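Please walk through the charged pairs of this structure, and then through its nonpolar interior.

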Amino acid sequence: MATGRRPRRSNPDAERLTFICELERCPNCGRPLSSVGSTAHSDKTVQTLSGEFYVVAYSRVCRTVGCDEYGTHFHAGGHLQVSPPYSTYGLDVIALVGIQHGREHKQFTEIEELLNQRGVQINDSSVGRLYRLFLALVEGTWPKRRERLTAAAKQHSGLILMADGLSPDGAGPQLYVLWEVFSGTPISGMLIDQANEKHLTDWLDECRGLLHGLPVLALLSDKEKALVSALRAVWSTAAHQLCQMHFMQNLSDPVHRADQSLRGTLRDRLSSLPAVPEVESEEAATRIEQLVTTTDARREKKTPRTTH
């Protein structure tokens, strides 16, 4: 029996997170990439431990005539730090499921209750799917990984890698994931209690073996010193660039705090103003009727009559 696809999650009140391709220049010709006229290559509503977000990602395009990459859409990678492909749950939710089931030995129903208490709408069946997704990330068993990486390297003459780590509760075990940006393919993940440069370097060196010798064009990460040093140690010739999401968050945080303070001040001051006087419905209806009658009379007076 044929079954329909699961309906997409939708929340018109969800905060919007927009990502644009982090690459500013074409890896082939070195000329600036264009974002004019680019459509979203990914858009979905995602539940995270911090709330629900509408996540949109846009490409940049090479417009240099004569370049082998002319017309190629280079995808953004930052949205993968929020949620894996084809999932409407955040990477932090997936990490929490993996830690609670794998480390704390909690049942899926217990994790379901924990997530519901934290505002994430989920049932025990979905918790089970997220745990299997967690295992696929950590064990590097993402379906068709090798084929996708090979196809991306052939199409773009190399790969762009992005690494990021997160801790679901701000402390405790951290989940690090290495992605290939062109294809949106997870390469490998690592759950670690205390990350340092040596642990990260050893892990990334194993990841390099999973790439089967495919060339790496560029690297993306946040400013975590140990991660940056490990990436550069393993892929010393690849260009490195900071992820746009972290850069924009650093810029927007002071503005957001000031905006919250201003909203609080306005709310406190406006609340002391007297309330708008209420008008009884019958009285209001009478006033409106009088206004309409007066307006019609004036209009009729101004309109010249014609005789036949």
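In this predicted model, R208 counts as partly exposed, with a relative accessibility of 38%. Its side chain meets that of D205 in a salt bridge, with 2.4 Å from N to O. D205 is also partly exposed, at 37% relative accessibility. R208 and D205 are three residues apart in helix α5, so about one helical turn separates them.

Helix α5 holds another such pair. D202 and K198 both lie in this helix, four residues apart, which is about one turn. They form a salt bridge whose closest N and O atoms are 2.9 Å apart. How accessible are the two partners? D202 is partly exposed, with 37% relative accessibility. K198 has a relative accessible area of 58% and is exposed, because the cut-off for exposed is over 50%.

A search of the whole structure finds three salt bridges. Besides the pairs in helix α5, D193 forms a salt bridge with R103, and the closest N and O atoms are 3.0 Å apart. Which parts of the chain does this pair tie together? D193 lies in the loop between β8 (185-192) and α5 (197-210), while R103 lies in the loop between α1 (91-102) and α2 (108-117), so the salt bridge ties together parts that are 90 residues apart in sequence. D193 counts as partly exposed at 47% relative accessibility, and R103 counts as partly exposed at 36%.

The nonpolar residues come next. In soluble globular proteins, nonpolar side chains tend to be buried together. Here the largest nonpolar core has 65 residues, and the members that touch the most others are L115, L161, L178, L200 and W235. Which helix gives this core its largest share? Helix α3 (residues 124-139) does, with seven residues.

L115 can serve as an example of the contacts. Leaving aside residues up to four places away in sequence, L115 touches L49, V93, L96, V97, V120, I122 and V127. Apart from this core there is a second, separate one of seven residues, and F19, V46, F53 and A76 are among them.

To return to the charged pairs, the salt bridge between D193 and R103 joins two loops, whereas D202 and K198 both lie in helix α5, as do R208 and D205.

Methods:
Residues numbered from 1 in each chain as written. Predicted model: local features only at pLDDT ≥ 70, side-chain atom pairs only at ≥ 80, totals over all residues. Heavy atoms only, no water. Salt bridge = Lys/Arg side-chain N within 4 Å of Asp/Glu carboxyl O. Buried < 20%, exposed > 50% of the residue type's maximum accessible area, 1.4 Å probe, protein only. Core = buried A, V, L, I, M, F, W, Y, C linked by side-chain atoms within 4.5 Å. Contact = heavy atoms within 4.5 Å.
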